[in-house]
Every structure is written in C-alpha cells, then in structure tokens.
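Subject: Structure for your review

Dear colleague,

I am handing over the structure below, and I would be glad if you could look through it with the notes that follow.

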Amino acid sequence: MDNGKMAGAVIGIFGTLAMFAISIVLFLLGHFYIVNGLIVGFLPFLMMISAGYSEAVCWGVYGLIILVSVVLQLNFKVARIVFGIISCGVVSLFIWDKYKEVALKTQIMYIGIGVVITGFLNFAGYSKEISG
C-alpha cells in the first residue's frame, strides 16, 4: 500500500471518529436531561469512591442514578427543574474545587460562568420541549 492510500485511510478513520464524537455531543446538547443525570450522578459516584466502596458498586449506583433521573425528568416537569438546579449546584461545586488556589473574585466569576452556561442549556432544552 502506498503512502497516499495509507494517508487517505488514516484521515478517513479519524474523520469518522471526529464526526461520531461531534454527533454524540450534539445529541446530548439536544437532550440535556441526560446530561443532567450524568452530572447529578457524578457527585455520589465520587463520594462512594472516596468512602472506599468497590468500583463495581459505584458504577452500578451511578448507572442507576442516571436511569432514575432521566425517567423522572421525562415524566415530571418539576423533576426537570429540580435536576436542573441540582446540576447547576454540582457544576459550581466542581468549578470551586478545581480553582481553589485562585483569587475569590476569579472563583466567583468562573462559578458564575459555569452556572449560567448550565442554566442556559437547561432552559433551552426545556423551552424546546414546551414549544415543540
């Protein structure tokens, strides 16, 4: 196989993988209730890992939390709002933990940006569902 065919094959494979990743991201942005479940389930997952539970139990609980949160959000509008608020809180907690060493004003700015982005995506998904 010559170099041109090999380069074409490599570009084709990486292009396919990139388009697959982009399609997953766009799907999750369109169905933000799934992202809420992922975000909300991540905090108990980390707490259980820190407490010393086995990874299998932690992953099982994480999957169960995602499943229950998605079902609740699809069936109850109040659950969508509550999970949106909780996901904004979890995002702010993760941002605060990541940037503990920077100045307080910078921390507040980063937390505000993260909460605004998460809140906007929640609101956009909820608005799309109401209008559509």
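Leaving aside residues up to four places away in sequence, Y33 touches V70, Q73, L74 and R80. Please keep in mind throughout that this is a predicted model. Y33 has its place in helix 2, and with a relative accessibility of 15% Y33 counts as buried, because the cut-off for that class is under 20% relative accessible area. Y33 and N122 are separated by 89 residues in sequence, yet their C-alpha atoms are 7.7 Å apart in space.

One of the partners of Y33, L74, lies in helix 3, which covers residues 55-75. The separation between L74 and Y33 is 41 residues in sequence and 7.9 Å in space, taken from C-alpha to C-alpha. Again not counting residues up to four places away in sequence, L74 touches Y33 and R80. Is L74 buried, partly exposed or exposed? At 44% relative accessibility, L74 is classed as partly exposed, since that class takes in what falls between under 20% for buried and over 50% for exposed.

N36 also belongs to helix 2, and with a relative accessible area of 0% N36 is buried. With residues up to four places away in sequence left out, N36 touches Q73, F83, G84, S87 and N122. Q73 is thus a partner of N36 and is listed for Y33 as well.

T118 lies in helix 5, which spans residues 104-131, and T118 is buried, its relative accessible area being 7%. The residues that T118 touches, not counting those up to four places away in sequence, are F32, S87, C88 and V91. S87 therefore appears among the partners of T118 and, as noted above, among those of N36, where the criterion for contact is heavy atoms within 4.5 Å.

Turning to the packing of helices, helix 1 (residues 3-30) and helix 2 (residues 32-51) pack at an angle of about 95 degrees, and their axes are 5 Å apart. The two helices are therefore roughly perpendicular to each other, a class that covers angles from 65 to 115 degrees. Helix 1 contributes F27, L28, L29 and G30 to the contact, while helix 2 contributes F32, I34 and V35. By type, the residues of this contact divide into 6 nonpolar and 1 polar, with no charged residue.

As for the chain as a whole, there are 5 helices and 0 strands, and the elements run α-α-α-α-α from the N terminus on. The radius of gyration is 19 Å, which is well over the 14 Å that the globule rule gives for 132 residues, so the chain is more spread out than a compact globule. Along the principal axes, the C-alpha atoms fill a box of roughly 55 × 45 × 40 Å.

Buried residues account for 23% of the 132 residues. The accessible surface of the chain amounts to about 8900 Å², and 78% of that surface belongs to carbon and sulfur atoms. If one takes the contacts between residues at least 6 apart in sequence, 58% of them join residues at least 24 apart.

With kind regards

Technical notes: Residues are numbered from 1 along each chain as its sequence is written. This is a predicted model: local features need pLDDT of at least 70, side-chain atom pairs count only at pLDDT 80 or more; totals for chains, interfaces and linings use all residues. Side-chain values use heavy atoms; hydrogens and water are left out. Axes are lines fitted to C-alpha atoms, for helices over the stretch in contact, and angles run from 0 to 180 degrees between N-to-C directions. Helices (H or I, at least four residues) and strands (E, at least two) are DSSP runs, numbered from the N terminus. Angles under 35 degrees count as roughly parallel, over 145 as roughly antiparallel, 65 to 115 as roughly perpendicular and the rest as oblique. Ala, Val, Leu, Ile, Met, Phe, Trp, Tyr, Cys and Pro count as nonpolar, Asp, Glu, Lys and Arg as charged, and the others, Gly among them, as polar. The radius of gyration is taken over C-alpha atoms; the globule rule is 2.2 Å times the number of residues to the power 0.38. Buried means under 20% relative accessible area, exposed over 50%, partly exposed in between (1.4 Å probe, protein chains only). Accessible areas come from the Shrake-Rupley method with a 1.4 Å probe; for residues, only the protein chains shown count as cover.
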